[in-house]
Amino acid sequence: EVQLMESGGGSVEAGGSLRLTCTASGYSFGDSAVGWYRQAPGNRCNLLSVKWTDGSISYSDSLKGRFTISLDNAKNTVYLDMNNLQPDDTGVYYCAADGWRLAEVECESPVVNYWGQGTQVTVSS
């Protein structure tokens, strides 16, 4: 069975950094669209960043250049490096993968093939 396992969340003060990790088992990220979503309290699920099937990368403008997605094919792992974190970055972060595309959908929507379990990020003032 395919599993996407996330780690790296936690609590940090504003201005701090975290690295989120998502490792797939029973699945290859290489030919897939792979990305990160965030579910913040009181907000919709937002698509933050995607590595598309052709290898190109996109980011949400809301990140203001603070986040970086990267893929290690040898480890079948995708990372999200988050810098200068702010309280508005607080939420549950999900990695996701799909053989075709990712879109602005609810977190854990079955429209997307695979989701990680989510990891909590809390940023204090």
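This passage describes the disulfides of a predicted model and the surroundings of serine 125. Local features were taken at pLDDT of at least 70 and side-chain atom pairs only at pLDDT 80 or more, whereas totals for chains, interfaces and linings use all residues of this predicted model. Residues are numbered from 1 along each chain as its sequence is written, and side-chain values use heavy atoms, with hydrogens and water left out.

A search of the whole structure returned two disulfides, a disulfide being a pair of cysteine sulfur atoms within 2.5 Å. One of them joins cysteine 22 to cysteine 95, with an S to S distance of 2.0 Å. This pair bridges distant parts of the chain, 73 residues apart: cysteine 22 lies in strand S3 (residues 18–25) and cysteine 95 in strand S9 (residues 91–98). Strands (E, at least two residues) are DSSP runs, numbered from the N terminus. The link is right-handed, with 60 degrees about the S-S bond, and both cysteine 22 and cysteine 95 are buried (under 20% relative accessible area, with exposed meaning over 50% and partly exposed in between; 1.4 Å probe, protein chains only).

Cysteine 45 and cysteine 107 form a disulfide as well, their sulfur atoms 1.9 Å apart. Here cysteine 45 sits in strand S5 (residues 45–51) and cysteine 107 in the loop between S9 and strand S10 (114–115), 62 residues apart. This link is right-handed too, with 80 degrees about the S-S bond. Cysteine 45 counts as buried because its relative accessibility is 8%, and cysteine 107 is buried at 14%. In sequence order, the bonded cysteines pair 1-3, 2-4.

Turning to serine 125, this residue follows strand S11 (119–124) and is exposed, at 84% relative accessibility. Serine 125 touches Ala14 and Pro87, residues up to four places away in sequence not being counted; contact means heavy atoms within 4.5 Å.

Key: Helices (H or I, at least four residues) and strands (E, at least two) are DSSP runs, numbered from the N terminus.
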